[in-house]
Protein chains: 2
Amino acid sequence: MDNTRLPLLSTETPLRADAVRNRARLLEAAARLSAEHGAAAITMESVAAAAGVGKGTVSRRFGDRNGLLQALLDHAEQGFQASFLSGPPPLGPGADPAARLRAFGPALLHHQRANRDLYLAAEPAPDRRFLVPAGRLRHTHVAVLVRAILPDADADLLAHTLLSSVDVVLVDHLLRGHGMSLDRVEAGWHDLVDRLLP
Amino acid sequence: MDNTRLPLLSTETPLRADAVRNRARLLEAAARLSAEHGAAAITMESVAAAAGVGKGTVSRRFGDRNGLLQALLDHAEQGFQASFLSGPPPLGPGADPAARLRAFGPALLHHQRANRDLYLAAEPAPDRRFLVPAGRLRHTHVAVLVRAILPDADADLLAHTLLSSVDVVLVDHLLRGHGMSLDRVEAGWHDLVDRLLP
């Protein structure tokens with residue numbers, strides 16, 4: 001190991017803090033573009049322009065457009081995770097498990113809808129579909145709630161069933177292919193949860 | 001149009017009937033190989049050998065291995081469809097809708113398990129996942145049963161939820177990735193249906 005390089009890290013600290021802020025600003029600009037015009041509107045140039053920086057700055061942070069999309073999905077996912085893990089009730093802690101479960105479906109549907117293009121672009125191959133960390137965290141969360149509400153149920157399986165009912169690919173098919181409204185899919189989640197509740 | 005070629009069709013009629021029998025025999029041999037040794041065991045050579053014909057005969061019928069796999073899936077699917085559309089109860093007509101719905105999940109699970117490699121190899125891209133004719137027929141069947149059992153439910157959505165709970169990719173993940181037993185997944189289907197029943 002070349003320990004003579006270590007001091008460089010500390011001289012870089014102010015720059016790295018700046019880079020962190022830069023990265024957050026670029027991701028916010030990209031999220032805004034995506035929400036307003038769809039993921040297709042996200043290019044290295046449009047994000048640079050929206051954030052008021054040069055294209056080179058975007059390239060240095062994310063490499064290419066795909067790197068930017070992945071980072072954007074992580075960013076959106078973290079906000080959603082915070083909302084159900086530590087946000088206000090009924091989605092977050094403080095409400096009873098049934099109320100939290102009822103609130104989870106619509107929250108996930110809206111989160112997925114706001115990032116639909118990103119999720120569809122990032123849809124994993126079949127053998128990786130249930131291995132994505134964000135999906136596993138959602139499953140754990142829903143299984144914990146199910147276990148609290150229905151101690152005699154197979155919470156692991158039922159959590160998969162609940163999450164499958166609002167899967168991003170299925171919902172996109174229902175909304176775009178069948179002209180179904182998001183309200184109807186939300187009502188379907190509430191109906192499903194209410195039928196399963198004891 | 002060159003109508004002088006038309007008479008050739010009628011002179012080929014005896015040959016075509018023979019070809020149909022040939023095709024069925026090859027597909028049966030391939031299905032047997034798949035059931036006993038997995039889809040990986042299906043090659044143009046192994047199917048030819050199992051059916052007692054030359055490799056050229058298999059090539060003429062199916063083109064290549066992928067054509068053979070697709071034809072095999074159609075063949076397996078038709079048998080499964082016949083079982084729930086016109087087979088004996090409780091899966092087929094004659095039993096009440098709740099009994100038919102209860103029987104459908106395990107039947108689908110066993111059908112998918114017997115053809116697992118084929119289904120995983122033929123898993124469509126996300127934008128085609130809910131457009132496969134066989135999947136649409138299953139959905140229609142389950143929605144009809146749900147509508148009969150729960151007239152006040154959103155049968156269309158609930159049918160998607162029920163089918164998603166035994167999706168071939170999910171079940172493969174549960175069995176191979178989590179070491180879950182098929183019995184447990186079957187019990188999960190029965191538990192889900194029983195909780196939804198009025």
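**Close-ups of chain A**

**View 1. The span that UniProt lists as "DNA-binding region" covers residues 43–62 of chain A.** The label comes from an unreviewed UniProt entry, and what you see here is a predicted model. Helix makes up 80% of residues 43–62 of chain A, and strand makes up 0%. From one end to the other, the C-alpha atoms of the span sit 12 Å apart.

**View 2. Phe84(A) meets Phe104(A) edge-to-face.** Across all chains, the count of aromatic pairs is seven. Here the ring centres of Phe84(A) and Phe104(A) are 5.2 Å apart and the planes make an angle of 80 degrees; planes over 60 degrees apart count as edge-to-face, so this pair gets that name. The two rings bring together distant parts of the chain: Phe84(A) belongs to helix H4 (residues 65–86) and Phe104(A) to helix H5 (residues 97–114), with their positions 20 residues apart. Is this pair buried or exposed? Both Phe84(A) and Phe104(A) are buried.

**View 3. Phe104(A) also pairs with Trp189(A), this time in a tilted arrangement.** Centre to centre, Phe104(A) and Trp189(A) are 6.5 Å apart, with 50 degrees between the planes. This contact, too, links distant parts of the chain, since Phe104(A) sits in helix H5 while Trp189(A) sits in helix H10 (residues 182–196), 85 residues apart. Trp189(A) is buried, just like Phe104(A).

**View 4. Four aromatic residues make up one cluster.** Which residues form the aromatic cluster? They are Phe80(A), Phe84(A), Phe104(A) and Trp189(A). Two of the contacts inside it are the ones shown above: Phe84(A) with Phe104(A), and Phe104(A) with Trp189(A).

Definitions and conventions
Residues numbered from 1 in each chain as written. Chains lettered and ligands numbered in written order. Predicted model: local features only at pLDDT ≥ 70, side-chain atom pairs only at ≥ 80, totals over all residues. Heavy atoms only, no water. UniProt positions renumbered as here; feature names shortened; annotations may be inferred. Helix = DSSP H or I, 4+ residues; strand = E, 2+ residues; numbered from the N terminus. Phe/Tyr/Trp six-rings, centres within 6.5 Å; stacked < 30°, edge-to-face > 60°. Buried < 20%, exposed > 50% of the residue type's maximum accessible area, 1.4 Å probe, protein only.
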